[in-house]
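Visitor: I've got a structure to look at and plenty of things to ask. Could you walk me through it?

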Amino acid sequence: DAAMYEAKARGRNRVALYAQAHADGASEQLRIEQGLRLAMQAGQLSLHWQPMLEMGSGRILGAEALLRWQHPQLGQVAPQRFIPVAEANGMICAIGAWVMEQACAQAAAWRAQGLGLVRVAVNVSVRQFEQDDVLGLVRHCLQRHALPAQCLELELTESLFAQSATLRGSLQALRDLGVRLALDDFGTGFSSLGQIVSLPIDRIKIDRSFVIELVDSHHSRAVVKSIIMLAQTLGMEITVEGVETLEQHDVLLALGAVEAQGWLYHRAMPAEELLRLLRAH
Ligand code: C2E
Ligand code: MG
Ligand code: MG
Ligand code: MG
């Protein structure tokens with residue numbers, strides 16, 4: 001009886017511990033969800049910019065807008081934490097519209113200063129295409145800031161291309177507008193090298209996971225080389241993401257890579273910092 005009682009008590013404790021942990025997780029999720037509703041009006045969201053460089057010359061060819069959220073209690077919340085929440089509750093549409101507007105305004109300002117920044121890249125979630133009028137949003141933002149469509153590149157993930165004909169139609173309409181499309185995180189999804197042939201894209205962004213393996217793995221080097229060669233044949237451009245070391249940089253150059261983005265060169269930074277950098281060039 002005593003043993004039985006003890007086992008039950010242990011079980012109860014375990015259940016209680018689990019429930020507590022679960023509640024903490026849930027409340028954190030809830031805090032993120034509720035906090036996000038206020039974040040935009042409260043001015044807690046901002047864009048940071050990470051340069052994309054021509055590897056040979058170090059010239060800055062463009063910059064990717066990356067969302068930052070400074071939460072009053074939680075501090076900096078990583079996009080990987082809050083973007084999925086925003087996608088799940090639909091808030092990504094309002095947030096994404098804000099990002100597009102800010103990014104186009106910033107791009108127009110840089111252009112007006114004659115800084116020669118060729119393009120800005122904006123991440124767009126699949127949810128935005130499903131639930132919002134991305135074409136209308138982009139058209140509106142470009143017009144409002146008199147920004148040439150060629151200056152704007154949308155970064156999309158592979159799952160978008162597996163979607164309906166309607167979505168594919170709006171991708172084509174965006175390209176007809178002159179906006180450029182990039183396939184982000186290539187290599188992490190399901191599409192094979194063969195499939196990218198038929199995708200309406202201008203650029204492939206090779207995921208960081210390849211770069212990590214590059215130095216030690218002959219296989220990874222072969223894959224990256226094939227992607228670069230195929231892209232060249234198809235007239236697509238390539239950006240390699242997440243270059244952190246000089247060794248990776250050298251291997252990539254030898255494989256024919258032209259453009260890269262990564263901490264070796266620059267982390268994402270506030271707009272003022274990028275402005276200083278562009279001026280110094
Ligand atoms: P992403 O679009 O693939 O962006 C690249 C991420 O890699 C960024 O993380 C960037 O800071 C990080 N990164 C760049 N170079 C290096 C490097 O050398 N080493 C390492 N370890 N990381 C590097 P970040 O800013 O945390 O963003 C994470 C993801 O959140 C983005 O991945 C993107 O999918 C999403 N995201 C960010 N901003 C937005 C946005 O405005 N809208 C949407 N829908 N998604 C966004
Ligand atoms: Mg991206
Ligand atoms: Mg990426
Ligand atoms: Mg990535």
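Visitor: What volume does the largest cavity have?
Guide: Keep in mind that this is a predicted model. Rolling a probe the size of a water molecule over the atoms shows where empty space is left. Counting cavities of 30 Å³ or more gives one. The largest cavity comes out at a volume of about 60 Å³.

Visitor: Which element gives the largest share of the lining of that largest cavity?
Guide: The lining includes Ala-107, Trp-110, Arg-111, Val-120 and Cys-151. Two elements give two or more residues to it, namely α3 (92–112) and β4 (119–123). The largest share is three residues, and they come from α3.

Visitor: And by class, how many residues in the lining of the largest cavity are nonpolar?
Guide: Leu-117, Val-118 and Leu-147 are among the lining residues, and these count as nonpolar. Arg-111 and Arg-119 also line the cavity, and Arg counts as charged. By class there are two charged residues, one polar, and the nonpolar ones number seven.

Visitor: Okay, what about the largest pocket: which residues are the closest to its centre?
Guide: The largest pocket has a volume of about 1,200 Å³. The elements giving two or more residues to its lining include β2 (60–71), α2 (79–89) and α4 (126–131). Of the 37 residues in that lining, the closest to the centre are Glu-64, Leu-66, Pro-79, Gln-80 and Asn-123.

Visitor: How many charged residues are in the lining of the largest pocket?
Guide: Split the lining into classes and you get 15 nonpolar residues. The polar ones come to eleven, and the charged ones to eleven.

Visitor: Which residues coordinate the magnesium ion (ligand 2)?
Guide: Along the chain, the donor residues follow the spacing E-x58-N-x31-E-x28-D. Their donor atoms sit at 2.0 to 2.2 Å from the ion. Put names to those letters and you have Glu-64, Asn-123, Glu-155 and Asp-184.

Visitor: Is Glu-155 buried or exposed?
Guide: Glu-155 lies in strand β5 (residues 152–156), and it pairs up with Asn-123 in strand β4, 32 residues apart, to link distant parts of the chain. Asn-123 has a relative accessible area of 29%, so it is partly exposed. To count as buried, a residue has to be under 20%. Glu-155 has 2% relative accessibility, so it counts as buried.

Visitor: Which residue coordinates both the magnesium ion (ligand 2) and the magnesium ion (ligand 3)?
Guide: The magnesium ion (ligand 3) has Asp-184, Asp-185 and Glu-241 around it, at 2.0 to 2.6 Å. The two ions are 3.8 Å apart. The residue that bridges them is Asp-184.

Visitor: Why do Asp-185 and Glu-241 tie together parts of the chain, and how many residues apart are those parts?
Guide: The donors of the magnesium ion (ligand 3) show the spacing D-D-x55-E. Asp-185 lies in strand β6 (residues 180–186) and Glu-241 in strand β8 (residues 237–241), so the parts they tie together are, in sequence, 56 residues apart.

Visitor: Of those two, is Glu-241 buried or exposed?
Guide: Start with Asp-185, which has 25% relative accessibility and so counts as partly exposed. The cut-off for buried is under 20%. Glu-241 has a relative accessible area of 12%, so it is buried.

Visitor: Which side chain makes a polar contact with the side chain of Thr-239?
Guide: Thr-239 is in strand β8. At 0% relative accessibility, it counts as buried. Beyond its neighbours within four places in sequence, Thr-239 has contacts that include Met-52, Arg-203 and Ala-260. The polar contact, at 3.1 Å, is with the side chain of Glu-259.

Visitor: How far apart in space are Met-91 and Gln-50?
Guide: Met-91 lies in the loop between α2 and α3, and at 10% relative accessibility it counts as buried. Leaving out neighbours within four places in sequence, Met-91 is in contact with Glu-33, Leu-36, Arg-37 and Ala-86. Met-91 and Gln-50 are 41 residues apart in sequence, and from C-alpha to C-alpha their distance in space is 24 Å.

Visitor: Last one: what percentage of the residues of the protein chain count as buried?
Guide: The chain has twelve helices and nine strands. Its C-alpha atoms fill a box of roughly 80 × 50 × 45 Å along the principal axes. Of its 281 residues, the share that count as buried is 43%.

How values were computed
Residues are numbered from 1 along each chain as its sequence is written. Chains are lettered from A and ligands numbered from 1 in the order in which they are written. This is a predicted model: local features need pLDDT of at least 70, side-chain atom pairs count only at pLDDT 80 or more; totals for chains, interfaces and linings use all residues. Side-chain values use heavy atoms; hydrogens and water are left out. Donors are N, O and S atoms within 2.8 Å of the metal (3.2 Å for Na, K and Ca); water is not among the atoms, so sites may look incomplete. Helices (H or I, at least four residues) and strands (E, at least two) are DSSP runs, numbered from the N terminus. Buried means under 20% relative accessible area, exposed over 50%, partly exposed in between (1.4 Å probe, protein chains only). On a 1 Å grid over the protein atoms alone, a cavity is a set of points where a 1.4 Å probe fits but cannot get out, and a pocket is an open set with protein on both sides within 12 Å along at least five of seven lines; lining residues have an atom within 4 Å of a point. Grid points are joined across faces, edges and corners, and a volume is the space filled by probe spheres set on the points. A polar contact is a pair of N or O atoms within 3.5 Å; within protein, one must be able to donate a hydrogen and the other to accept it, and residues adjacent in sequence count only if both atoms are side-chain atoms. Contact means heavy atoms within 4.5 Å.
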